[in-house]
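Let's look at how a few everyday structural words earn their place. Take a moment with the sequence and the model, then follow the reasoning step by step.

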Amino acid sequence: WKNIRKMEDRLAHLVSRKDVKEYNIGGEIKVLAIDCGIKNNQIRKLVGAGCHVKVVPWDYDFLDESFDRLFISNGPGDPLDCGILIDRLKLFMEKDMTTPIFGICLGHQILALAAGCKTYKMKYGNRGHNIPSYLVGTKR
């Protein structure tokens with residue numbers, strides 16, 4: 001990945017935590033949450049579902065970690081600025097095809113890039129509720 005911008009200009013780097021924090025250590029399902037700008041409510045919801053949540057910085061090396069689920073949070077900025085994470089995620093997916101991985105917004109874009117897809121910036125962003133859809137096979 002080309003380092004087009006300086007690290008301090010990359011938004012995920014600015015908002016991501018710098019340390020590792022664990023919540024609900026006795027939880028049944030261990031979730032490794034990669035913080036690209038995670039919201040506290042996302043952590044609360046995972047803990048509320050009985051998960052042991054380990055929140056790590058966006059550039060954390062998780063390849064030798066043990067967990068049941070991998071979560072990549074939402075956050076600001078260009079997903080291509082997260083090349084370190086994309087590369088690690090690609091290696092993880094090649095090594096482990098059974099651990100569920102899920103992402104929100106930026107996290108989903110990073111996951112798509114690691115899987116070999118391409119992303120592009122939408123004119124108004126993707127908020128879900130403002131994107132028109134066409135339902136094939138339905139009568140109105």
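A helix here is a DSSP run of H or I with at least four residues, numbered from the N terminus. Keep in mind that this is a predicted model.

Q: Where does R88 lie?
A: R88 sits in helix 3, which spans residues 83-95.

Q: What makes the approach of the R88 side chain to the backbone oxygen of Y60 a polar contact?
A: A polar contact needs N or O atoms within 3.5 Å. The side chain of R88 reaches that oxygen of Y60 at 3.4 Å, so the pair fits within the cut-off. R88 is also in contact with D59, D61, F62 and L63, besides Y60, once neighbours within four places in sequence are left aside.

Q: Why is C51 called buried?
A: Buried means under 20% relative accessible area. C51 has 8%, so the word buried applies.

Q: What makes C105 partly exposed?
A: Partly exposed covers values between the 20% limit for buried and the 50% limit for exposed. C105 has a relative accessible area of 48%, so C105 belongs in that middle class.

Q: Why is helix 3 called oblique to helix 4?
A: The axes of helix 3 and helix 4 (residues 106-114) come within 8 Å and cross at roughly 60°. Roughly parallel needs an angle under 35 degrees, and roughly perpendicular starts at 65, so this pair counts as oblique. The residues making the contact include L85, I86 and L89 of helix 3, and I110 and L111 of helix 4.

Methods:
Residues numbered from 1 in each chain as written. Predicted model: local features only at pLDDT ≥ 70, side-chain atom pairs only at ≥ 80, totals over all residues. Heavy atoms only, no water. Buried < 20%, exposed > 50% of the residue type's maximum accessible area, 1.4 Å probe, protein only. Helix = DSSP H or I, 4+ residues; strand = E, 2+ residues; numbered from the N terminus. Polar contact = N/O pair within 3.5 Å; in protein donor to acceptor, adjacent residues only side chain to side chain. Contact = heavy atoms within 4.5 Å. Axes fitted to C-alpha atoms, helices over the stretch in contact; angles between N-to-C directions. Parallel < 35°, antiparallel > 145°, perpendicular 65-115°, else oblique.
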